[in-house]
Amino acid sequence: MKVSVPHAAKLKALSVAILSATSLSLAGCGFQLQGLGSNSAPTVPELEFNITNDTPQNVVAQQIHSYFQQAGTRIVANAPVQLNVGDATFNETNLNYTGDGGTQQRLVVLDVPYSIQRTSDNAYLADQQNIEVSGNYTTSTNQLLQRGDVRAQLHKQLAQQAAIQLVARVEALATHPQGQSVKGHSTQPDVPATTEHTRQP
């Protein structure tokens, strides 16, 4: 079915609003990933992935692959460190509803469970951790055609946020407590993993 011009315009406006909010929240996180947009050596040269449902249809898995590749990390078997990612879940709730045009504001929360292991002895560098990011979008009964597209775009952007945070955590934990990295060079200090909350306006 062809989308009318007014509906397409509304979709574009909603998309721009979501994109802007996501960009602002990422800037506020303060993450400085060495491999992204720089010529420096990657903090984690090699990493082994163990991602549940690692398929092209899994938007979270695809963004994790993408951002680690951008950070210069090679995904190989038997790497010094293994990243385990469990089933990521998108939970959606209704924030408010108005009778005028059936307008709804909906909150989407993405939860990504993960752990990080040293493959030499299977010791956990980070055990049973979670990354949580969230965003919201507005829709109405007059925008049924656009609702799925806007939701999918928000899912992708939340997956990007989660992937960026995951890269940062793996980089931070790539250093042993003694200050030597997995590959034998000092990079970033070891920091405890904590759950991140990213709220959209």
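Leaving aside its neighbours within four places in sequence, Leu 83 is in contact (heavy atoms within 4.5 Å) with a set of residues that includes Leu 47, Phe 49, Ile 64, Phe 68, Tyr 114, Ile 116, Leu 166 and Val 170. The model is predicted, so that local features need pLDDT of at least 70 and side-chain atom pairs count only at pLDDT 80 or more, while totals for chains, interfaces and linings use all residues. Residues are numbered from 1 along each chain as its sequence is written, and side-chain values use heavy atoms, with hydrogens and water left out.

Leu 83 belongs to strand S3 (81-85), where helices (H or I, at least four residues) and strands (E, at least two) are DSSP runs numbered from the N terminus. Five of the five residues of S3 are buried, that is, under 20% relative accessible area, with exposed meaning over 50% and partly exposed in between (1.4 Å probe, protein chains only). Val 81, Leu 83 and Val 85 point one way from this strand, whereas Gln 82 and Asn 84 point the other way.

S3 pairs with two strands, as the table shows; two strands pair if DSSP finds at least two bridges between them.

| Partner of S3 | Sense | Bridges | Opposite residues |
|---|---|---|---|
| S1 | parallel | four | Phe 49 and Leu 83 |
| S5 | antiparallel | five | Gln 82 and Gln 117 |

Leu 83 also has a place in the largest nonpolar core, a set of buried Ala, Val, Leu, Ile, Met, Phe, Trp, Tyr and Cys residues joined through side-chain atoms within 4.5 Å; of its 34 residues, Ile 64, Phe 68 and Leu 83 touch the most other members. Helix H2 (59-70), strand S3 and helix H3 (144-172) are among the elements that each supply at least two residues of this core, and the largest share, ten residues, comes from H3.
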